[in-house]
Amino acid sequence: MIVETSGYAWEMPRKFDPDDVLSRPLMANLATVGTDGAPRNAPMWFIWEDGAIWLLGSSEASAVKHLERHPRCAVEIVHFDNEAGILLHLGLRGAATIEPMSPDRFKRLLHKYLGPEASWNRWFIDNVAQIEHPDGRMIRLAPASIFTNNVSFFRTGPDLAWPPNP
């Protein structure tokens, strides 16, 4: 797609390797449809494994209930570093499934955000994360489509964008 604005034209989107964003401890915004048909959005931690994005939930969580009723959803992840001039947008679309809690996968997800298990805040793990809680669920989205857009030229212009063009 070519976009023209005030005489300037550039091609959008600029592609990048989705693994660059999926491997970072960023927030994923999960968009679902609420009971009233209105869109709902929830920022969540995630892990990318086995061709799917895995997000946390519980049997009583609103996102889980929304997806049980209407599994189509979208996940948006943005890597933004103003100083470095990096702006990467990753979108995933498809139908999610609600899976039983996988304590091993959950621990890998926590490691991504909290570092080695020995450094985890025990109060957080025992009272918030509750890895072994029977109501724990995992939201699994094996995307039907993946969208990438590298808008890292917002500070420099397309000739100096990150990563440099070959």
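Colleague: By class, how many nonpolar, polar and charged residues does the lining of the largest pocket have?

Modeller: This is a predicted model, in which local features need pLDDT of at least 70 and side-chain atom pairs count only at pLDDT 80 or more, while totals for chains, interfaces and linings use all residues. Residues are numbered from 1 along each chain as its sequence is written, and side-chain values use heavy atoms, with hydrogens and water left out. With Ala, Val, Leu, Ile, Met, Phe, Trp, Tyr, Cys and Pro taken as nonpolar, Asp, Glu, Lys and Arg as charged, and the others, Gly among them, as polar, the lining has 10 nonpolar, 5 polar and 1 charged residues.

Colleague: Which residues lie nearest the centre of the largest pocket?

Modeller: A pocket here is an open set of points on a 1 Å grid over the protein atoms alone where a 1.4 Å probe fits, with protein on both sides within 12 Å along at least five of seven lines, and lining residues have an atom within 4 Å of a point. Strand S4 (39-44), S6, H3 and helix H4 (122-129) each supply at least two residues of this lining, helices (H or I, at least four residues) and strands (E, at least two) being DSSP runs numbered from the N terminus. Of the 16 lining residues, those nearest the centre are Leu56, Gly57, Phe106, Val128 and Ala129.

Colleague: Which residue in S10 does Trp54 stand opposite?

Modeller: Strands S5, S6, S10 and S9, in that order, form an open antiparallel sheet, where two strands pair if DSSP finds at least two bridges between them. Within this sheet, S6 (residues 52-58) and S10 (residues 136-141) pair over 6 bridges. Opposite Trp54 in S10 stands Arg140.
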